[in-house]
Amino acid sequence: MNFKRITIEEVNRLQESQATNVIDIRDPQGFAAGHMPNAININNQNAADYIENTDKETPLIVVCYHGHSSQPAAQYFAAQGFKDVYSMDGGFEVWKLNNPVEV
Ligand SMILES: O=S(=O)([O-])[S-]
């Protein structure tokens, strides 16, 4: 199973049309300073739990700073059985320019 790259515009459209899960793989400090609405900060400590307890049919959007490290992470989550996994191009650094940020 593979992941797809998605633009921020496509994320907005997807979230308008259906429920999604957003995971943010940045460091806790970066996450605490601001993140996408409803994003969950995922790290090596809580990833297994998240995988076990999350619906794999719901599209999963993986976010990092710039959209680079989210790609191997998205690949990993796809390999864990998530059906529809996206790596967000541009990452949070581009998201925050024009989109809501939650703290
Ligand atoms: O690798 S990254 O800078 O996109 S987090």
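Which residues does Thr-54 touch, not counting residues up to four places away in sequence? In this predicted model, Thr-54 touches Asn-21 and Phe-82 when those sequence neighbours are left out.

**Thr-54 and its surroundings**

Thr-54 sits in a loop, with α3 (47-53) on one side and β4 (60-63) on the other. Its relative accessibility is 13%. Buried means under 20%, so Thr-54 counts as buried. The side chain of Thr-54 also has a polar atom 2.6 Å from the backbone oxygen of Tyr-50.

**Strand β5 and its partners**

The loop that holds Thr-54 leads to β4, and β4 pairs with β5 in the parallel sense. Strand β5 covers residues 85-88. Strand β1 (residues 4-6) also runs parallel to β5. The table lists both pairings, with one residue pair from each.

| Strand paired with β5 | Sense | Bridges | A residue pair |
|---|---|---|---|
| β1 (residues 4-6) | parallel | 3 bridges | Ile-6 and Met-88 |
| β4 (60-63) | parallel | 3 bridges | Leu-60 and Val-85 |

Is β5 covered on one face or on both faces? Both faces are covered: Val-85 and Ser-87 are buried on one side, and Tyr-86 and Met-88 are buried on the other. Two of these residues appear in the table: Met-88 is the bridge partner of Ile-6, and Val-85 stands opposite Leu-60.

**From β4 to β5**

Helix α4 spans residues 70-79. Together with β4 and β5, helix α4 makes a β-α-β unit, and this unit is right-handed. The two strands of the unit, β4 and β5, are joined by 3 bridges.

Key:
Residues numbered from 1 in each chain as written. Predicted model: local features only at pLDDT ≥ 70, side-chain atom pairs only at ≥ 80, totals over all residues. Heavy atoms only, no water. Helix = DSSP H or I, 4+ residues; strand = E, 2+ residues; numbered from the N terminus. Buried < 20%, exposed > 50% of the residue type's maximum accessible area, 1.4 Å probe, protein only. Polar contact = N/O pair within 3.5 Å; in protein donor to acceptor, adjacent residues only side chain to side chain. Contact = heavy atoms within 4.5 Å. Pairing = 2+ DSSP bridges. Right-handed = clockwise from strand over helix to strand, strands pointing away.
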